[in-house]
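Hi,

Here's the structure I promised to send over. Have a look first, and then read on for my notes.

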Amino acid sequence: MRILFYGALADRLGPQVEVDAPEDWTIAQLREKLIAAHPGVERMLCNQRTRAFVGDTLVFDDYRLSNANTVEFLPPVSGG
Amino acid sequence: MSIVARLEERALQPDHELAALLDQAKDEGAVVNFVGVARPTSKSGDPVDQLVLDHHPRLTVQSLQDIAVSAAERFDVSHVRVVHRCGKVASGEPIVFAGAASAHRRAAFDAADYLMDRLKTDAIFWKREVGEAGSQWIEPTEGDYADRDRWG
């Protein structure tokens, strides 16, 4: 599975990583796996304002990855 | 009614955007616009040479459109225009233009205020300041979230 990162997360992890994630995993489990592999990003990845998207749709921690080829993690955003 | 929400990769020209809005709003009584400019210093006082705005290939434009449509629906305005820079913006150069036109001034003022509060917290950009001190990511402050939340 392809995981894409943006902003400060991309700075730390690179813009994308490949992860072996079972289909029945949830977004929450994926976060845990990423944190285990990259302990320094726990604060950013668990920030309540860091959102996960699948197919350009916002998904929440209980979303199952069964139909996802790519998950995108967007850290807190700021325009203006 | 017209809604313009655009991502600008090159220099933003506020005078052109205002002229376009004025041209659309010839039958209205009020045009309000705001221009955000890249600051030359960080919050800690360090000099900033440029602001770098990263964006998402699809969701950023969608977020600009959603914010502009929301302003148009919420206030009694006839035209809404949002143009936002991406990429590298030198200090002192414009980052964002937010404008609205209406029959009477209050709706246009409110719409422009609302546009900026939403853009600060909901537009999908990741900003970092770059200067001699290095590169620093900028996130919305609690004050920015409170400004957005006052609209309910």
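Below is what I found, going through chain A, the contact between the chains, and then chain B.

One thing to keep in mind is that this is a predicted model.

**Chain A**

A good place to start is strand β5 of chain A, residues 70-74. This strand is mostly covered, with four of its five residues buried. Strand β1(A), residues 2-5, runs parallel to β5(A) and is joined to it by four bridges. If you want a pair to click on, A:Leu4 has A:Glu72 as its bridge partner in β5(A). Strand β3(A), residues 51-54, runs antiparallel to β5(A), with three bridges between them. Here A:Arg51 is the residue opposite A:Leu74 of β5(A).

β1(A) has another pairing, too: it goes with strand β2(A), residues 16-18, in the antiparallel sense over three bridges. In that pairing, A:Arg2 sits opposite A:Glu18 of β2(A). Which side chains of β1(A) point to the buried face? Those of A:Ile3 and A:Phe5 do, and both residues are buried, whereas A:Arg2 and A:Leu4 point to the other face and are not buried.

**Where the chains meet**

After β5 of chain A comes a segment that contains A:Pro76. Is A:Pro76 buried or partly exposed? A residue needs 20 or more other C-beta atoms within 10 Å to count as buried, and A:Pro76 has 19, so it is partly exposed. Leaving aside residues up to four places away in sequence, A:Pro76 touches A:Asn47, A:Arg49 and A:Thr50, plus B:Glu139 and B:Pro140 from the other chain. For a distance check, its C-alpha atom is separated by 15 Å from that of A:Val59, which is 17 residues away along the chain.

As for the whole contact, eleven residues of chain A are in contact with 21 residues of chain B. The chain A side of it is made up of six nonpolar, four polar and one charged residues.

**Chain B: two sheets**

One open sheet of chain B has four strands in the order β5-β3-β7-β8, paired antiparallel. β5(B), residues 87-90, and β8(B), residues 134-138, are the edge strands; each has a single partner strand, so one side of each has no neighbour in the sheet. On average, neighbouring strands here are turned by 25° against each other, direction ignored. Within this sheet, β3(B), residues 50-55, pairs with β5(B) in the antiparallel sense over four bridges, and B:Gly87 is the bridge partner of B:Leu53.

The other open sheet also comes from chain B, with four strands ordered β1-β4-β6-β2 and mixed pairing. Its edges are β1(B) and β2(B), residues 30-37, each paired on one side only. The twist from one strand to the next averages 5°. β2(B) and β6(B) are antiparallel, with eight bridges between them; B:Ala30 pairs with B:Ser102 in β6(B).

**Chain B: helices and core**

Helix α3(B) lies across β2, β4 and β6 of chain B and runs at about 150° to β6(B). What does the largest nonpolar core look like, and which residues touch the most other members? The core has 59 residues, and those with the most contacts to other members are B:Ala71, B:Val77, B:Val82, B:Ala100, B:Ala108, B:Ala111 and B:Leu115. α3(B), residues 105-122, gives the most to this core, with eight residues. Take B:Ala111: not counting residues up to four places away in sequence, its contacts are B:Ala71, B:Phe75, B:Val77, B:Val80 and B:Ala100.

Last up is helix α2(B), which covers residues 59-74. Its 16 residues should span 22 Å at 1.5 Å a residue, and the end C-alpha atoms are 22 Å apart, so the two agree. The buried residues of α2(B) are B:Leu59, B:Thr60, B:Ser63, B:Leu64, B:Ile67, B:Ala68 and B:Ala71. Their cover includes the strands β1, β3, β4, β6 and β7 of chain B, along with α3(B).

Cheers

Key. Residues numbered from 1 in each chain as written. Chains lettered and ligands numbered in written order. Predicted model: local features only at pLDDT ≥ 70, side-chain atom pairs only at ≥ 80, totals over all residues. Contact = placed C-beta atoms within 7 Å. Nonpolar A, V, L, I, M, F, W, Y, C, P; charged D, E, K, R; others polar. Pairing = 2+ DSSP bridges. Axes fitted to C-alpha atoms, helices over the stretch in contact; angles between N-to-C directions. Core = buried A, V, L, I, M, F, W, Y, C linked by C-beta atoms within 7 Å. Buried ≥ 20, exposed ≤ 12 C-beta atoms within 10 Å, placed from the backbone. Expected span 1.5 Å × (residues − 1).
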